[in-house]
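Visitor: I am new to this structure and would like to learn how to read its features one at a time. Could you take me through them?

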Amino acid sequence: MFVVRRSARLYPAGVQLAKMSGSQVGDLGSGAGKGGGGGGSIREAGGAFGKLEAAREEEYFYKKQREQLDRLKNDQIHQAEFHHQQIKEHEEAIQRHKEFLNNLHK
């Protein structure tokens, strides 16, 4: 039996969230991870400097993701405000047209 999943897009096509993959083996900064990439000489060496560098890297990606989510939220708020204004203008236009039609019949 096959299950078909339809995934809905949570974000517009132009928005890509920064994230770090959790595919490292062991603790962050404890040396080279799997996958062939060491992450640089400091990360490869491990120890306190490797852990500090890993912590800075995690902090960088956390802040980057927060900035992107804040920007997405602000964009959504501005779009909602814009659409509310458009609705108001359209309702006013409908009312003007109704009044015009009523005046034609008199």
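The dialogue below goes from the overall make-up to single pairs of residues.

Guide: Please keep in mind from the start that this is a predicted model.

Visitor: How many helices and strands does the protein have?

Guide: The protein has 2 helices and 0 strands. One of the helices is α2, which covers residues 47-104.

Visitor: What span should the 58 residues of α2 have, and how far apart are its end C-alpha atoms?

Guide: At 1.5 Å a residue, a span of 86 Å is what one should expect for α2, and because its end C-alpha atoms lie 85 Å apart, the two values agree.

Visitor: What share of the residues counts as buried?

Guide: A residue is called buried when its relative accessible area is under 20%, and in this protein of 106 residues, 10% meet that description. Within α2, the buried residues are G50, A54, Q68, L72 and A93. The accessible surface of the whole protein comes to about 9,500 Å², and carbon and sulfur atoms account for 54% of that surface.

Visitor: What share of the contacts between residues at least 6 apart in sequence joins residues at least 24 apart?

Guide: Among those contacts in the protein, the share that joins residues at least 24 apart is 43%.

Visitor: How should I read a salt bridge, and how many does a search of the whole structure find?

Guide: The general idea is that side chains of opposite charge can pair when their charged atoms come close. In this structure, the search finds 2 salt bridges. One of them joins E59 and K63, whose closest N and O atoms are 3.3 Å apart, and the other joins D70 and R66, with a distance of 3.4 Å between the closest N and O atoms.

Visitor: Where do the partners E59 and K63 sit along helix α2?

Guide: E59 and K63 are 4 residues apart in helix α2, so about one helical turn separates them. For D70 and R66, too, a spacing of 4 residues in helix α2 means that they are separated by about one helical turn.

Visitor: What are the relative accessible areas of E59 and K63?

Guide: E59 has a relative accessible area of 40% and is therefore partly exposed, while K63, with 47%, is partly exposed as well. In the second bridge, D70 counts as partly exposed at 37% relative accessibility, and R66 is partly exposed at 37%.

Visitor: How do I read an aromatic pair, and how many are found in the whole structure?

Guide: A pair of aromatic rings is described by the distance of the centres and the angle of the planes. The search of the whole structure finds 1 aromatic pair. Y60 and F61 form this pair, with 5.2 Å from centre to centre and 80 degrees between the planes, an arrangement that is edge-to-face. Y60 is partly exposed, with a relative accessible area of 47%, and F61 is also partly exposed, at 25%.

Visitor: Which residues make the nonpolar surface patch?

Guide: F100, L101 and L104 make a nonpolar patch of about 320 Å² on the surface. F100 belongs to helix α2, and because its relative accessibility is 51%, F100 counts as exposed.

Technical notes: Residues numbered from 1 in each chain as written. Predicted model: local features only at pLDDT ≥ 70, side-chain atom pairs only at ≥ 80, totals over all residues. Heavy atoms only, no water. Patch = residues over 30% accessible without salt bridge, like charges linked within 9 Å, V, L, I, M, F, W, Y side chains within 5 Å. Areas by Shrake-Rupley, 256 points an atom, 1.4 Å probe, with all protein chains shown as cover. Salt bridge = Lys/Arg side-chain N within 4 Å of Asp/Glu carboxyl O. Buried < 20%, exposed > 50% of the residue type's maximum accessible area, 1.4 Å probe, protein only. Contact = heavy atoms within 4.5 Å. Phe/Tyr/Trp six-rings, centres within 6.5 Å; stacked < 30°, edge-to-face > 60°. Expected span 1.5 Å × (residues − 1).
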